[in-house]
Amino acid sequence: MTEVREDEFDEDYGPDDDHAPYWFPGQTMPTDARRIGLSHHVPDGALLDFAGRLDSTRPFHRAVAWVMLVVFGMPVVLYVVRLAIDVAHA
């Protein structure tokens, strides 16, 4: 009789596993974000999950992080410039 062995390449998440694999969505969510109810299903949580998966050792990921910083920081910079212009004209 042949012995049935466990498949070493089995990557399915089964009910007997303690935690979902790290590549499943929402696994890199900070605990504080989970505590306040964010998940990868809502836009803010998806953005946090995406940013949490970036690896600083990979050049493309660093470029994506800089682009995200510019995209989210530019409205603040433009608002401060506009506010300074309005104060100067008042």
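A nonpolar surface patch of about 520 Å² is formed by V70, M74, V77, L78, V81 and I85. Patches are built from residues with over 30% relative accessible area and no salt bridge, where like charges are joined within 9 Å and nonpolar side chains (Val, Leu, Ile, Met, Phe, Trp, Tyr) within 5 Å. Accessible areas come from the Shrake-Rupley method with a 1.4 Å probe, and for residues only the protein chains shown count as cover. The model is predicted: local features need pLDDT of at least 70, side-chain atom pairs count only at pLDDT 80 or more, and totals for chains, interfaces and linings use all residues. Residues are numbered from 1 along each chain as its sequence is written, and side-chain values use heavy atoms, with hydrogens and water left out.

One member of the patch, V77, sits in helix α3 (residues 59-89). V77 has a relative accessible area of 47% and is therefore partly exposed, given that buried means under 20%, exposed over 50%, and partly exposed in between (1.4 Å probe, protein chains only).

The chain holds three helices and zero strands; helices (H or I, at least four residues) and strands (E, at least two) are DSSP runs, numbered from the N terminus. Read from the N terminus, the order of elements is α-α-α.

Over the whole chain, 11% of the 90 residues count as buried. The chain exposes about 8,200 Å², of which 62% is supplied by carbon and sulfur atoms. Among contacts (heavy atoms within 4.5 Å) between residues at least 6 apart in sequence, 20% join residues at least 24 apart.

Charged side chains come next. Side chains of opposite charge can pair when their charged atoms come close. A salt bridge is counted when a side-chain nitrogen of Lys or Arg lies within 4 Å of a carboxyl oxygen of Asp or Glu, and by this rule there are two salt bridges.

One of them joins the side chains of D32 and R35, with an N to O distance of 3.5 Å. Both residues belong to helix α1 (residues 31-35), where D32 and R35 are three residues apart, about one turn of the helix. D32 is partly exposed at 47% relative accessible area, while R35, at 63%, counts as exposed.

The other pairs the side chains of D49 and R53 at 3.6 Å, N to O. Here the acidic partner, D49, has 7% relative accessibility and so counts as buried. R53 is partly exposed, with a relative accessibility of 32%.
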